[in-house]
Amino acid sequence: MIEGMEQAVAIMRGEADPSNYRVHIPAEIDTRAIRDKLKLTQKLFAERYQIPLATLRDWEQGRRVPDAPARALIKAIREEPAAVRRALARSAA
C-alpha cells in the first residue's frame, strides 16, 4: 500500500507516467465501514461525496451493489478522503 501511495504522489507531481501503472478496483467494498471510520452520517457522507442518499442506503442495506466506477470512488474515499473532497469541491466551482 505504501508503494502505491508513493507511486500516486509521483504521478501527481509529474515525476512518473500514469500509463505505467494499473489500478485495482476491489470486487466488493464495505461502504458502511468506510463511512463509520470517517464518523459521518449517511446523509453527510452522501452530500460530501456527491452520492445519492438512496443509492448509499441501498448499498449499505445490501439491496444493490456499487458498480466498478462507484467502487473506485469509494476506494479513493477510503484511502484519501480529504483529497476526494477537495477534488469534488473544485469540480463544483
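# Close-up legends

**View A. A salt bridge joins the side chains of Lys 43 and Glu 47, with N and O atoms 2.7 Å apart.** A salt bridge here is a side-chain nitrogen of Lys or Arg within 4 Å of a carboxyl oxygen of Asp or Glu. The model is a predicted one, in which local features need pLDDT of at least 70, side-chain atom pairs count only at pLDDT 80 or more, and totals for chains, interfaces and linings use all residues. Residues are numbered from 1 along each chain as its sequence is written, and side-chain values use heavy atoms, with hydrogens and water left out. Lys 43 and Glu 47 are separated by about one helical turn because they are 4 residues apart in helix 3. Helices (H or I, at least four residues) and strands (E, at least two) are DSSP runs, numbered from the N terminus. Glu 47 is partly exposed, at 49% relative accessibility. Residues count as buried under 20% relative accessible area, as exposed over 50%, and as partly exposed in between (1.4 Å probe, protein chains only).

**View B. The whole protein has 6 helices and 0 strands.** Along the sequence the pattern reads α-α-α-α-α-α. The protein has 93 residues, of which 25% are buried. Its accessible surface is about 6,800 Å², and carbon and sulfur atoms account for 54% of that area. Such areas come from the Shrake-Rupley method with a 1.4 Å probe; for residues, only the protein chains shown count as cover. Among contacts between residues at least 6 apart in sequence, 51% join residues at least 24 apart. A contact means heavy atoms within 4.5 Å.

**View C. Confidence is lowest in helix 1 and highest in helix 4.** The score is pLDDT, the predictor's confidence in each residue, from 0 to 100. Helix 1 (residues 2-12) has a mean of 67, while helix 4 (residues 53-60) reaches 98. The protein averages 86, and 83% of the residues score at least 70. Where pLDDT is low, the predicted coordinates should not be read in detail.

**View D. The largest nonpolar core has 14 residues.** Such a core is a set of buried Ala, Val, Leu, Ile, Met, Phe, Trp, Tyr and Cys residues joined through side-chain atoms within 4.5 Å. Ile 34, Phe 45, Tyr 49, Ile 51, Leu 56, Trp 59 and Ile 77 touch the most other members. At least two residues of this core come from each of helix 3, helix 4, helix 5 (68-79) and helix 6 (81-92). Helix 5 gives the most, with 3 residues. In soluble globular proteins, nonpolar side chains tend to be buried together. Beyond its neighbours within four places in sequence, Trp 59 is in contact with Thr 31, Ile 51, Arg 64, Val 65, Pro 66, Ala 70 and Ile 74.

**View E. Arg 78 and Glu 79 form one salt bridge, and Arg 32, Arg 35, Asp 36 and Glu 60 are joined in a network of them.** In the Arg 78 and Glu 79 pair, the closest N and O atoms are 2.9 Å apart. Both residues are partly exposed, Arg 78 at 35% and Glu 79 at 27%. The network of Arg 32, Arg 35, Asp 36 and Glu 60 arises from salt bridges that share partners. One of these bridges links the side chains of Asp 36 and Arg 32 (3.6 Å, N to O). Asp 36 and Arg 32 both belong to helix 2 (residues 31-37) and are 4 residues apart, about one turn of the helix. Asp 36 is partly exposed, at 39%, and so is Arg 32, at 48%. The structure holds 6 salt bridges.

**View F. The side chains of Arg 35 and Glu 60 make a polar contact of 2.7 Å.** A polar contact is a pair of N or O atoms within 3.5 Å; within protein, one must be able to donate a hydrogen and the other to accept it, and residues adjacent in sequence count only if both atoms are side-chain atoms. Arg 35 lies in helix 2 and is buried, at 7% relative accessibility. Apart from residues up to four places away in sequence, Arg 35 touches Leu 40, Thr 41, Gln 42, Phe 45, Leu 56 and Glu 60. Gln 42, in helix 3 (residues 42-48), is buried with a relative accessible area of 19%. With the same sequence neighbours left out, Gln 42 touches Arg 35, Leu 53, Leu 56, Arg 57 and Glu 60.

**View G. Lys 39 and Gln 50 have positive phi values.** Phi of Lys 39, which is not a glycine, is near 55°. Lys 39 lies in the loop between helix 2 and helix 3 and is exposed, at 75% relative accessibility. Gln 50, also not a glycine, has a phi of about 55° and lies in the loop between helix 3 and helix 4.
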